[in-house]
Amino acid sequence: QNLPKIPKSPPKKSPQELKDVRDGQRILEKKGSAALKDLRRQLQLERRRGERLQERLQELLVPSRARSGQGGPRNWGGGRPQ
């Protein structure tokens, strides 16, 4: 009457189910790898952007006469320097 319960083992998976699981894992790994690659690329672009902004800020903060020996700041139009 009071028999101990025997834990059930998980059902056996067929070879096709195992293959599907492996394929699913591979797909997830590829997606993760692609996402990581994209994030690294974005980080590199943002670093370059930050460096350009830092250089631009430095150009605006340092008087241009001290930099080039010429008068007045250049590129007041707000675009990128030529």
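Colleague: Which residue does Lys 19 form a salt bridge with?

Modeller: Lys 19 forms a salt bridge with Asp 23, and their closest N and O atoms are 2.9 Å apart. Keep in mind that this is a predicted model.

Colleague: Sure. How many residues apart are Lys 19 and Asp 23 in helix H1?

Modeller: Four residues apart, so about one helical turn separates Lys 19 and Asp 23.

Colleague: And what are the relative accessible areas for that pair?

Modeller: Lys 19 is partly exposed at 39%, and Asp 23 is partly exposed too, at 24%.

Colleague: Which Arg forms a salt bridge with Asp 23?

Modeller: That is Arg 26, with the closest N and O atoms 3.0 Å apart. Both Arg 26 and Asp 23 sit in helix H1, three residues apart, or about one turn of the helix. Arg 26 has 45% relative accessibility, so it counts as partly exposed.

Colleague: Let's move along. What does Arg 41 pair with?

Modeller: Arg 41 makes a salt bridge to Asp 38, where the closest N and O atoms are 2.7 Å apart. These two are three residues apart in helix H1, so about one helical turn lies between them. Arg 41 is partly exposed at 46%, and Asp 38 is partly exposed at 29%.

Colleague: Which residues are joined into one network by salt bridges that share partners?

Modeller: Lys 19, Asp 23 and Arg 26.

Colleague: How many salt bridges does the structure hold?

Modeller: Five.

Colleague: New topic: where is Lys 13?

Modeller: Lys 13 is in the segment before helix H1, which covers 15-61.

Colleague: Is Lys 13 buried or exposed?

Modeller: Exposed, because its relative accessibility is 51% and the cut-off for exposed is over 50%.

Methods:
Residues numbered from 1 in each chain as written. Predicted model: local features only at pLDDT ≥ 70, side-chain atom pairs only at ≥ 80, totals over all residues. Heavy atoms only, no water. Buried < 20%, exposed > 50% of the residue type's maximum accessible area, 1.4 Å probe, protein only. Salt bridge = Lys/Arg side-chain N within 4 Å of Asp/Glu carboxyl O.
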